[in-house]
Amino acid sequence: MTTNELLPLLVLLSSLLPGLVIFALPEAWHGLRTTLNLFGALAKIVLVGLLLAGVQAGEVYGFRHVVAPGLELVFKADALGLLFITLSTVLWLFTTLYAIGYLEGAPHRSRFFGFFSLCVTATIGIAMAGNLFTFFVFYELLTLATFPLVAHRGTPDAKRGATVYLGYTLVGGAALLAGIVWLESLSHHTGFTHGGFVATLLPGNEGALKAIFVLLIAGVGVKAAIVPLHGWLPKAMVAPAPVSALLHAVAVVKAGAFGIVRIVYEVYGAETAHALGLMTPLAVLAAITILWGSLRALFQNELKKRLAYSTVSQVSYIVLGTALFGPIGTIGGLVHLVHQGVMKITLFFAAGTYAETLGIHKISEMDGVGRRMPLTTMAFSLGALGMMGAPLTAGAVSKAWLGDGAVAASMDWAVWVLTVSSLLNAAYFLPILWRAWVRKSPEHWPDEHIVRRGYVETHWLLLIPLLVTAALSVLFGVLPADMASPLSWAQMIAEREYFLPQR
Amino acid sequence: MKRLVTLSAAAIFAALLIDVLLDLPAAALDLRALLAEAMPASGVAHPVTAVLLNTRGYDTLLEIAVLLVALLGVVISSARTNLSSDPGRTPASHVAIDADPMVSALARLVTPLAVIFAIYVLWAGAHRPGGAFQAAAILAAALVLLHFARIVPACTAPSCRLRVAAVAGFAIFLVIAAIPLAGGALLQYPPAAAGLLILAIESGLTVSLALVLAGLFLLLADDAGGRQ
Amino acid sequence: MSAALAFDLLLVALLLLAALRAMTTPRLGQALLAFVVFGLLMALAWVRLDAPDIALAEAAVGAGLSGVLLFDAWRALRGEPPDEASTAEHTR
Amino acid sequence: MTERLAMLAPLALPLLILLPLAWAALAFVLGTGRGSRLAIAAAAVQLMLAFALASAVMDGGPLHHAAGGWGAPLGIDLVADGLAAAMLLLTQAVALPLFIFARGYFHQDGARPDAAGHHFWPLAGFLVAGMNALYLSEDIFNLYVTLELVGLAAVGLVASGGGAAQTAAALRYLFAALLGSGAYLLGVALLYGAFGSVSMATLTPLIAGASASAGAGASEVALIAALLMMAGLLMKSALFPFHFWLPPAHGGAPAPVSALLSALVVKASIYLVLRLWLGPLAPLLTPLAWLPTLLGTAAILWGSWRAIHAERLKLLVAYSTVAQLGYLFLALPLVGVGSTGASASAILTLQALAHGLGKAAMFAAAGIIIHATGRDRVDDVAGIAERLPLTLFTFALAGVSLMGLPPSGGFLAKWLLIDLAMARGHWPLVAVILAGGLLAAIYIFRVLRLAFLNLPEAVIEAEHHKARVVPRSAEWMAFTLAAASVLLGLFGGLPLLQLVDGVGAGEGVTSGVTSGLVPGLTSGAVVGAP
Amino acid sequence: MSGALLYAIAGVLLFAAGAAGVVLLDHLLRRVLAFNIMGSGACLVLVGLAQRNGIPDPVPQAMVLTGIVVAVAATGLALALIRRLHAQTGHADGKTEEERVKGETGAGCSLPASHSVAGRGDD
């Protein structure tokens with residue numbers, strides 16, 4: 001087995017093995033558990049770094065394992081996959097740090113971190129999947145690995161939330177399965193390829209291909225929380241903050257969006273999808289989701305709920321970008337895949353930190369929190385501004401590209417959608433900032449259990465990750481054109497999609 | 001309603017089957033001829049015994065296993081019922097009654113005859129009707145009679161010796177079945193020794209089967225009473 | 001030949017009759033009796049079918065052993081006071 | 001090592017039958033509760049033999065063994081083709097861990113086994129012997145004897161549970177089994193009368209010929225015989241609506257017994273259905289293929305429904321068996337290969353294997369949980385996550401396989417089944433299979449959610465006190481079974497499919513693709529047209 | 001028609017009657033009788049049909065011998081179980097037992113007695 005086959009496997013194992021070991025660890029051994037967690041996260045970052053360097057150098061990484069005649073597990077590391085891999089790997093490190101701090105002294109940590117690692121393994125698997133079969137395997141694994149995390153608290157409504165989540169995702173999985181197998185029985189090649197592969201089935205199978213497209217998008221749309229399949233997302237808010245961060249920024253929702261990108265570009269191919277007239281409906285669906293999510297967010301008093309609905313709308317930016325036929329829209333969508341992740345994880349970290357430190361869960365309780373926790377609130381504000389698309393933030397970059405993409409694809413209505421949703425974003429984020437910075441703080445907070453020591457406003461493990469992610473979100477906004485920036489990366493991918501000779 | 005449906009279904013089935021049986025052509029294949037050819041090599045003169053213990057001896061091997069399984073099931077049940085349900089019922093609570101002298105006399109008279117007859121049937125099996133199973137059945141009947149005459153006790157769980165005896169025949173059969181594997185196939189007796197081997201198997205089976213068949217009864221009989 | 005056929009018909013008729021009685025007579029005891037008779041008739045039938053081996057086995061088992069087993073079980077189920085057979089083991 | 005195994009392979013046929021018979025008899029002599037070590041050691045040897053057999057069959061095709069050296073039709077032939085080898089492998093592979101589990105389960109408090117285990121070992125031995133004999137036999141009358149051996153041993157095992165409920169369940173099971181085997185026997189009698197042979201190999205051409213020349217009396221008799229045998233076997237394999245005996249029997253017996261029955265015993269008669277349906281009786285029964293499919297569908301829906309509403313944990317698992325057995329009947333009309341080049345019988349074997357391993361693990365886990373809580377209600381698993389994490393994990397893994405979620409063997413089988421159904425254009429089947437998976441998810445996660453519920457510390461303490469300990473070995477064996485059923489999907493699929501489909505299908509990747517392409521396209525086009 | 005065939009036909013009738021009995025009869029002892037009658041019927045068909053040309057055929061005769069042994073085994077087991085059930089519950093006929101079992105092992109199980117008609121077993 002050559003290195004080029006081994007490396008992708010190692011990337012998977014770097015979180016799988018620690019996870020399995022952690023399951024077996026007694027509750028008390030948090031020392032070893034923490035070490036394993038961090039080791040896994042760092043090892044993964046190193047490996048992904050190697051992967052990146054190799055891909056830059058033109059190496060081709062791939063691994064295949066035949067499961068049954070005609071069915072293969074295929075892993076490959078292409079540009080699109082690497083974008084997602086890098087995002088989730090980096091964010092996983094910070095989420096792990098944050099979770100270690102957040103769950104200090106909580107019960108069942110072995111179980112928690114075990115499934116936590118499995119969850120990331122599944123995400124990486126999705127990112128590296130080289131064909132629909134592999135994609136589906138890890139997509140379902142992700143469902144299984146996240147269910148215990150959502151149910152982790154063991155309270156009745158935690159179980160309710162987890163059940164709702166499970167119901168949505170399993171049904172979606174069934175739809176996805178049906179679509180994939182159907183596609184497989186039509187064309188015996190389900191490997192992702194630039195420009196898609198279904199074109200070979202045309203003409204003759206338009207009806208079937210449209211039906212399959214609906215099934216596939218419905219399947220991944222559940223995780224991407226496209227309206228009307230978004231019902232689980234707000235309910236899953238009962239999960240601990242790190243899990244919410246994972247669901248919203250790193251793993252689940254992203255996996256859905258990523259799946260849509262893969263399906264549109266590398267199964268159907270933009271050209272074919274457009275020819276089949278599938279792009280516009282998808283774009284409309286995304287637009288509806290964007291507006292609906294923002295509207296619902298307006299009326300949430302619970303901070304995490306509001307963030308959840310904002311996720312619903314933000315993720316559909318990616319879908320919208322994907323559905324805007326044309327390279328510019330594509331770039332906007334892909335770059336938002338990264339930007340939204342960074343910004344949203346900052347917001348969730350901050351929300352969790354408020355809850356952990358001062359017991360703040362409702363927006364109405366946030367009066368003057370800016371004075372008590374300046375750093376956290378600063379990070380939160382940066383994330384919020386980014387979401388609104390304020391200048392010099394990552395959000396601005398994505399929205400700009402999306403807007404241009406809409407114009408280029410001559411879908412001017414999409415521009416309006418973007419504008420309106422930006423206004424709505426502002427409408428539900430600015431009041432929070434206003435409260436946090438301007439209003440006077442109450443005498444005592446709802447439930448304060450981490451007292452301020454010197455300059456450190458809360459547990460450092462809670463503070464560091466959100467500062468870093470906030471910094472990143474600004475960085476991506478300030479120098480978007482930099483070589484290593486997500487933007488240039490997205491541009492590269494888009495070029496491959498549109499300007500490479502198609503098979 | 002159900003009664004009606006079932007009965008009519010059974011009637012229709014029977015009518016249909018009989019109707020098609022009436023004009024059933026002769027079978028394409030006739031095993032009698034094949035068997036006739038095989039008889040010389042079978043080691044016995046009586047075709048049924050040849051089939052039972054040679055050509056289809058494998059069936060018989062499994063059949064004995066079935067019998068043992070049934071015995072096990074009976075052991076389970078009887079053991080259960082003894083150490084079970086109504087605690088008031090201890091064996092001691094039985095009232096001892098003397099055997100009916102007629103019965104015991106009869107038993108004492110019949111048993112030796114039965115044994116002799118059984119041996120004859122067993123030996124005869126080689127060349128005319130008869131064989132291990134019939135002989136065993138006769139012995140078993142004698143045993144049951146002895147039990148009624150209270151000469152043979154009933155038992156809740158077979159003692160080790162009984163278990164050995166009950167399995168012995170099966171074990172012999174198993175060994176003789178396995179030995180030919182060294183050179184040929186399962187149960188493939190060397191034609192010369194076939195007769196002897198079959199006789200050995202049958203004698204073993206006679207004892208064991210008799211015990212098993214009697215056991216089916218004796219194990220149950222023990223708590224026949226005491227259900228008041 | 002016709003005499004033989006007549007005998008066969010009679011035997012078959014009796015067989016069916018015994019079987020039906022065994023399953024339908026209201027009194028269980030009579031049913032068991034009918035069943036033992038059925039066993040003996042079966043033995044006869046086997047003789048008619050040139051199957052003396054089966055006839056022997058059927059007579060010894062079908063009629064004999066099964067009969068005893070059934071009657072014993074029947075008595076047990078009726079919950080009669082224990083008679084000789086049942087208390088045998090305690091007499092020595 | 002490997003070539004020595006290969007040398008051993010031809011002997012494996014008779015040995016796989018004689019060995020369990022021998023140790024069963026020995027265990028019987030040893031007496032109550034003894035013989036567990038013997039059984040485990042023997043099961044290990046049998047597993048090795050089964051492996052040798054399977055590899056030999058995969059390399060060199062089916063193996064024959066003429067018992068008595070006469071050969072069919074006069075004698076009885078033992079035949080090990082891919083299907084039989086696969087089922088033998090399943091039987092031994094499940095039996096070994098289950099025996100180790102049972103040893104821990106019955107002997108937990110010191111050396112003395114609890115009453116339920118008194119006669120477990122000899123009965124289990126005869127059971128395994130009967131199943132191995134059944135898989136290997138090629139003679140329909142000999143199959144009747146093996147059916148009885150398996151059936152009576154299973155009834156005995158159920159009865160060993162002890163309680164009145166078990167006795168009642170055992171009786172119900174016994175009468176169902178006797179009714180079934182009686183019908184089967186009459187079928188055999190008719191076939192022998194019509195064709196003068198009981199050897200499948202001899203019968204196959206005769207039956208084909210008779211049914212070709214329609215109107216001949218023989219074909220009608222043969223048809224009735226076929227229906228009788230099938231009715232009997234379906235009764236024994238508890239296909240809806242003949243499943244009435246299964247839940248009480250499997251749900252009431254001691255855990256190791258339930259595991260053996262659910263994982264293996266029902267498969268035996270189903271194997272026979274498949275073998276006869278696709279074999280000698282094919283020309284008669286092919287027009288009726290829709291019937292078992294219909295019943296299978298009903299079984300899936302009804303069984304799942306009952307499992308979702310079951311109050312007792314083991315009854316839930318038992319009903320899930322009723323449902324899962326339905327899958328095994330869905331594919332009877334789907335002869336031929338799908339786009340992956342796997343045949344229906346190969347896929348069914350994979351499904352049977354995955355279900356066997358998974359269900360054995362699940363019953364074992366349920367048994368451990370019941371021991372720990374001392375009660376058998378589904379609600380009592382609340383908080384198990386804290387006390388028996390490993391066992392809960394086992395239950396979950398087994399559940400993954402039963403739900404058909406990746407990467408389990410159940411998932412692979414489900415995928416291939418859907419693929420086959422689509423390639424044949426049987427769209428309702430696809431819906432049924434998908435729905436079945438979701439229903440399974442409902443009743444399995446019903447247990448898992450409860451397990452995650454946090455209990456107040458006080459309750460947990462109380463539970464701990466009255467909990468009966470199950471040896472670690474038992475827990476790990478259950479886990480091994482579950483893990484096996486999951487890993488089967490990743491590593492077992494390819495060899496298994498090749499084993500059953502014969503070496504020719506080894507290139508199924510390519511040949512299957514080309515052969516499956518045409519129907520795939522047409523069916524797709526048909527459905528695609530709005 | 002030959003005598004043998006006559007016995008085969010009788011066998012069919014016995015089988016049908018016995019099967020109906022196993023399904024319909026309530027008292028478990030009677031069900032045992034019915035099962036034995038059913039088995040005897042099958043055996044008669046086996047031999048009678050094979051010998052319908054009047055010539056004895058040892059092969060089915062040997063099979064029937066095996067069948068009889070198996071039947072005895074089953075009968076013994078059945079009786080043992082019935083007596084045990086009676087010892088434990090004081091009942092030996094289907095109905096009462098059915099109620100008990102419904103009580104004990106939860107719904108969804110019923111006797112073969114109610115099982116000639118499809119699906120009846122679960123309500």
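Buried means under 20% relative accessible area, exposed over 50%, and partly exposed in between, with a 1.4 Å probe and protein chains only. The model is predicted: local features need pLDDT of at least 70, side-chain atom pairs count only at pLDDT 80 or more, and totals for chains, interfaces and linings use all residues. Side-chain values use heavy atoms, with hydrogens and water left out.

**Exercise 1. Describe the fold of chain A and its cover.**

Step 1. Take the elements. Chain A has 20 helices and 2 strands. These are DSSP runs, numbered from the N terminus: H or I of at least four residues for helices, E of at least two for strands.

Step 2. Test the packing. The radius of gyration of chain A is 22 Å, close to the 23 Å of the globule rule for 503 residues, so chain A is as compact as a globular protein of that length. The radius is taken over C-alpha atoms, and the rule is 2.2 Å times the number of residues to the power 0.38.

Step 3. Add the extent. The C-alpha trace of chain A spans about 70 × 55 × 45 Å along its principal axes.

Step 4. Turn to burial. Of the 503 residues in chain A, 65% are buried.

Step 5. Pick out one helix. Helix α9 of chain A, residues 241-250, has 10 of its 10 residues buried. Among them are A:Pro242, A:Ser244 and A:His248.

**Exercise 2. Which parts of chain A does the salt bridge between A:Asp367 and A:Arg435 tie together?**

Step 1. Fix the rule. A salt bridge is a side-chain nitrogen of Lys or Arg within 4 Å of a carboxyl oxygen of Asp or Glu. The count over all chains is 16.

Step 2. Check the pair. The closest N and O atoms of A:Asp367 and A:Arg435 are 2.7 Å apart.

Step 3. Place the partners. A:Asp367 lies in the loop between α14 (327-358) and α15 (369-372) of chain A, and A:Arg435 in helix α18 (residues 412-437), so the pair ties together parts 68 residues apart in sequence.

Step 4. Check the cover. Both A:Asp367 and A:Arg435 are buried.

**Exercise 3. Follow a salt bridge from chain E to chain C.**

Step 1. Find the atoms. E:Arg83 and C:Asp72 form a salt bridge, with the closest N and O atoms 3.1 Å apart.

Step 2. Locate both ends. The pair crosses between chains, from helix α3 (residues 58-89) of chain E to helix α3 (residues 52-78) of chain C.

Step 3. Read the accessibility. E:Arg83 is buried at 5% relative accessibility, and C:Asp72 is buried at 3%.

Notes. Residues are numbered from 1 along each chain as its sequence is written. Chains are lettered from A and ligands numbered from 1 in the order in which they are written.
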